[in-house]
Amino acid sequence: MEKQFKIGLVLSGGGARGFAHIGVMQALNDAGIYPDVISGTSAGAIVGVLYADGYTPAKIMKILNSNSRLHYIRPTVPREGLLQISGIVRILRDNLKAKTFEELKIPMYVTATDLNNGKIVYFSAGELHNIIIASASIPVLFKPVEIKKIQYVDGGVLDNLPIKPIENRCRFIIGSFVNPTGYEKNLTNLISIAERTFLLSVSKEVIEKVKKFDLFIAPMELRNHKILDPEKAVEMYQIGYDATTEKLKEVDIAGLLNQK
């Protein structure tokens, strides 16, 4: 059966580690590889939607790199969430040209978790902004986003590597995973514990999914970076770029595409 898309790109969640996704995309573009469809959750949804909207990786880096976590989040009174995601709302409002999925230059799937019904939802049509925010709303840290009387939280809760919407629809699928886990010593406050707990919960499914990708990028160096710490944005971008450049030396994408 003829595949609908040539190259698909799947971008995991990962908070500030999502800067590595931008490096991955830049390395792919430098090698002449451009995705025809993107599936993302959380940070991957934010980076992915800006790319699908027509921004280059360099421009996305400029838009998102503020060197301050308060640019993205600010403390709030703990009722529905410990932090507010006001910075991302502002970034999308000021920069996203498309208001709906249909207006994007590249087809995009955004993953969010339906908290009321306990199920994963893959959005690909309709209004964009609230769905992107919902996809990035890490539970406990951020309050849920209500869409049509349903509360949604981070898509990574149930699917942090959302290949499903584009599986069997692409001739070649690339995955960028930015959530490697390792030893963590400093778990000293409620936010760091919530962050660590979420990170561990979303990482367990990846081993099973890796084999579904034709090219899979998952830099282990990212485990040294916090998901709520954008101060090392340039460093994380470079980690993503370098890891992709190395991976591309091992794979003849043009040759594989010709075989499929």
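A contact means that heavy atoms lie within 4.5 Å of each other. Among contacts in the protein chain between residues at least 6 apart in sequence, 75% join residues at least 24 apart. The structure is a predicted model, in which local features need pLDDT of at least 70 and side-chain atom pairs count only at pLDDT 80 or more, while totals for chains, interfaces and linings use all residues. Residues are numbered from 1 along each chain as its sequence is written, and side-chain values use heavy atoms, with hydrogens and water left out.

**Exercise 1. The chain and helix 2**

Task: State how many helices and strands the protein chain has, and decide whether helix 2 is enclosed or open.

Solution. Begin with the elements, which are DSSP runs numbered from the N terminus (helices are H or I runs of at least four residues, strands are E runs of at least two). Counted in this way, the protein chain has nine helices and ten strands.

Next, consider burial, where buried means under 20% relative accessible area, exposed means over 50%, and partly exposed is in between (1.4 Å probe, protein chains only). Of the 260 residues in the protein chain, 55% are buried. In helix 2, which covers residues 43-52, ten of the ten residues are buried, so this helix is largely enclosed by the rest of the structure. Its buried residues include A43, I46, V49 and A52. After helix 2 comes G54, whose phi is positive, near 110 degrees.

**Exercise 2. The nonpolar cores**

Task: Find which residues have the most contacts inside the largest nonpolar core, and which element gives this core its largest share.

Solution. A nonpolar core is a set of buried Ala, Val, Leu, Ile, Met, Phe, Trp, Tyr and Cys residues joined through side-chain atoms within 4.5 Å. The largest such core has 59 residues, and V49, L64 and I174 are those with the most contacts inside it. Helix 2 supplies the largest share of this core, namely seven residues. A second, separate core has 13 residues, among them F5, I163, I166 and C170.

To look further at I174, leave out residues up to four places away in sequence; the residues that I174 then touches include I7, V10, L28, F213 and I217.

**Exercise 3. Helices that pack together**

Task: Describe how helix 1 packs against helix 8, and then which residues join helix 2 to helix 3.

Solution. Two packed helices are described by the angle between their axes and the distance between the axes. The axes are lines fitted to C-alpha atoms, for helices over the stretch in contact, and the angles run from 0 to 180 degrees between N-to-C directions.

For helix 1 (residues 19-30) and helix 8 (residues 233-250), the angle is about 40 degrees and the axes are 6 Å apart. This makes helix 1 oblique to helix 8, given that angles under 35 degrees count as roughly parallel, over 145 as roughly antiparallel, 65 to 115 as roughly perpendicular and the rest as oblique. The residues of helix 1 in this contact include F19, G23 and D30, and those of helix 8 include A233, Y237 and L248. By class, the contact has eleven nonpolar, five polar and one charged residue, where Ala, Val, Leu, Ile, Met, Phe, Trp, Tyr, Cys and Pro count as nonpolar, Asp, Glu, Lys and Arg as charged, and the others, Gly among them, as polar.

For helix 2 and helix 3 (residues 57-64), the axes come within 10 Å and cross at roughly 130 degrees, and the two helices are therefore oblique to each other. I46, V47, L50 and Y51 of helix 2 make the contact with P57, I60 and L64 of helix 3. This contact has seven nonpolar, no polar and no charged residues.

**Exercise 4. Three single residues**

Task: Decide whether H129, K148 and N168 are buried or exposed, and place each one in the chain.

Solution. H129 lies in helix 5 (residues 129-135), and at 16% relative accessibility H129 counts as buried. The C-alpha atoms of H129 and R93 are separated by 7.7 Å, although these residues are 36 residues apart along the chain.

K148 stands in the loop between strand 7 (145-147) and strand 8 (150-154), and K148 is exposed, with a relative accessible area of 79%. Its phi is near 50 degrees, a positive value in a residue other than glycine.

N168 is in the loop between strand 8 and strand 9 (170-176), and at 53% relative accessibility N168 counts as exposed. N168 is not a glycine, yet its phi is positive, about 70 degrees.
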